[in-house]
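These are notes on the model you sent, set out point by point. Please read them alongside the coordinates.

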Amino acid sequence: MAALHGSTSEAIKNNQAQLQKEWLSGLETNGATRNIKEQVLAQETREFLQLLVEGLLSEGGSNLAATGWEGVRRFLEKLSVSRAQLGHDSHQAVYFIFALKGPLFGLLQSHFSDEPARLAEQLWAISELIDGMGMHTIRTFQKTREDVIKRQQEELLELSTPVVKLWDGVLALPLIGTLDSQRSQTVMESLLQRIVDTGSEIAIIDITGVPTVDTLVAQHLLKTVTAIRLMGADCIISGVRPQIAQTIVHLGLDLGTLTTKSNLADALKLALARLGGDIGKQV
Amino acid sequence: MERIPILQMGEFLLVTIQVDMHDQLALTLQEDLTDRISHTSAQGVLIDISALDMVDSFIGRMIASISGLSRIMDAETMVVGMQPAVAITLVELGLTLPGVSTALNVERGMQVLRQRVSRK
């Protein structure tokens, strides 16, 4: 790995203001400044240049993993996290670093104008350093985005199992989408918890939105119904479509003592009748 | 030796399990309860397990057998207040306790017991 010459670091240190000006204009023309206030950007670039100089003076090498670059690494991580949260794409985030290449190269060129061999060597070293920083930014950026996706997935799982109160003592759980083991576990837990919290005696599970019922789904349903019964509440399955009824019969599934209704209205009617109430048109 | 108290409320017996059930305790309860039923000729038994947050297959089977034997001694039995975690565990263990009557809490259980006893 090429080492940076002491005079390169000195040159960068002495020309920070100039570098920042060129850097900012480079960022401006390439649209990497979208949604970022001018002030914030100026602050960020100034801070980064200071950290860069500190790193150069203490470390000298272009190996970004070295301890001397700790401050720079931290800054880049913070930067890419904030860019990811602003909704910028990876290109815009990493361009923040790459835009510095131009001004730095210009500076080196004028600094080493009479030593071509040294110029080439120093250009290479700086280029390697900047590339390393870019890579680091991208890596952190991606990780942040992945965290966001993971969090959203969890939220989706939560959202897909809403337990609603239909009537005093009647809970309903409209299921939408395919039931897998993990989801049916979440469904079962949240439904049982709500039964305890509200003291409801009847729970209606509506499977209108479940596209197919296979043996696994039927087993999950049966487990949920049994658990509900063990807790002392009743369960009605509603929204059994004709195709689903046919599948269940063809698969030879035994739904045992399960109460099924073809739609939610009938299930609610039954639930109210069991609770001793009634609902109907006024004559 | 530690025992689970059995309280008499009119013609019903109330068993509240407040401690962690271990095997010996369950067996003692079984004996005590049958003694008390024959002694007081109780009409119904209410077993409150709302404080029970862990079960194994033995305790699960014990609950079933306690309710079975008090039914043979002509006392209606209800298991009330089972926690969601306990219900899920029992289902996963394959213990669906067929024939055991359940209710959400003591109040509801008592209501159902009264109805059944008055119908007799």
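1. Strand S3 of chain A, residues 202-209, is mostly covered in this predicted model. Of its eight residues, six are buried.

2. S3(A) pairs with S2(A), residues 170-176, through six bridges, and the two strands run parallel. One bridge in this pair can be picked out by its residues: A:Leu173 has A:Ile205 in S3(A) as its partner. The connection between the two strands includes helix H8 of chain A, residues 181-198; S2(A), H8(A) and S3(A) form a β-α-β unit of right-handed sense.

3. S3(A) is also joined to strand S4 of chain A, residues 234-238, by five bridges, again with parallel strands. Here A:Ala203 lies opposite A:Cys235 in S4(A). Helix H9 of chain A, residues 215-230, belongs to this connection: S3(A), H9(A) and S4(A) make a right-handed β-α-β unit.

4. What is the strand order in the chain A sheet? The sheet is open and has five strands in the order S1-S2-S3-S4-S5, with mixed pairing. Its edge strands are S1(A), residues 164-167, and S5(A), residues 259-260, each of which pairs on one side only. S5(A) is held to S4(A) by two bridges, and these strands run parallel. In that pair, A:Ile237 has A:Thr260 in S5(A) as its bridge partner.

5. Two helices on the chain A sheet deserve a check. H8(A) lies across S1, S2 and S3 of chain A and runs at about 165 degrees to S2(A). Helix H11 of chain A, residues 264-275, packs on the sheet as well, touching S1, S2, S3 and S4 of chain A. The direction of H11(A) makes about 175 degrees with that of S3(A).

6. A:Ala267 is a residue of H11(A). Is A:Ala267 buried or exposed? It has 24 C-beta neighbours inside 10 Å, and therefore counts as buried, the cut-off being 20 or more. Beyond its neighbours within four places in sequence, A:Ala267 is in contact with A:Ile204, A:Ile236, A:Ser238 and A:Lys261. The C-alpha atom of A:Ala267 is 8.9 Å from that of A:Gly239, a residue 28 places away along the chain.

7. Chain B contains four helices and five strands. Read from the N terminus, its elements follow the pattern β-β-α-β-α-β-α-β-α. The chain has 120 residues, of which 36% are buried. Of the chain B contacts between residues at least 6 apart in sequence, 81% join residues at least 24 apart.

8. The chain B sheet is open, with five strands ordered S1-S2-S3-S4-S5 and mixed pairing. S1(B), residues 6-9, and S5(B) are its edge strands, each pairing on one side only. On average, neighbouring strands of this sheet are turned by 25 degrees against each other, direction ignored. Helix H2 of chain B, residues 57-72, packs on the sheet and touches S3(B) and S4(B), the latter being residues 76-80. The directions of H2(B) and S4(B) make an angle of about 155 degrees.

9. Within the chain B sheet, S2(B), residues 12-16, and S3(B), residues 44-48, run parallel and are joined by five bridges. B:Thr16 stands opposite B:Asp48 in S3(B).

10. How many residues of chain B are in contact with chain A? The answer is 14, and they meet 15 residues of chain A. On the chain B side, the elements that give two or more residues are H3(B) and S5(B), residues 101-103. H3(B) contributes the most to this side, with five residues.

11. The helix pair across the interface is H9(A) with H3(B), the latter being residues 84-92. Two packed helices are described by the angle between their axes and the distance between the axes. For H9(A) and H3(B), the angle is about 130 degrees and the axes are 9 Å apart. The two helices are therefore oblique to each other, and their crossing is right-handed. The residues that meet are A:Lys223, A:Thr226, A:Ala227 and A:Leu230 in H9(A), and B:Ala87, B:Ile88, B:Leu90 and B:Val91 in H3(B).

Definitions and conventions
Residues are numbered from 1 along each chain as its sequence is written. Chains are lettered from A and ligands numbered from 1 in the order in which they are written. This is a predicted model: local features need pLDDT of at least 70, side-chain atom pairs count only at pLDDT 80 or more; totals for chains, interfaces and linings use all residues. A residue is buried if 20 or more other C-beta atoms lie within 10 Å of its own, exposed if 12 or fewer, and partly exposed in between; C-beta atoms are placed from the backbone. Two residues are in contact if their C-beta atoms, placed from the backbone, lie within 7 Å. Two strands pair if DSSP finds at least two bridges between them. A crossover is right-handed if, with the strands pointing away from the viewer, the path from the first strand over the helix to the second runs clockwise. Axes are lines fitted to C-alpha atoms, for helices over the stretch in contact, and angles run from 0 to 180 degrees between N-to-C directions. Angles under 35 degrees count as roughly parallel, over 145 as roughly antiparallel, 65 to 115 as roughly perpendicular and the rest as oblique. A crossing is left-handed if the near helix is turned anticlockwise from the far one by less than a right angle, and right-handed if clockwise.
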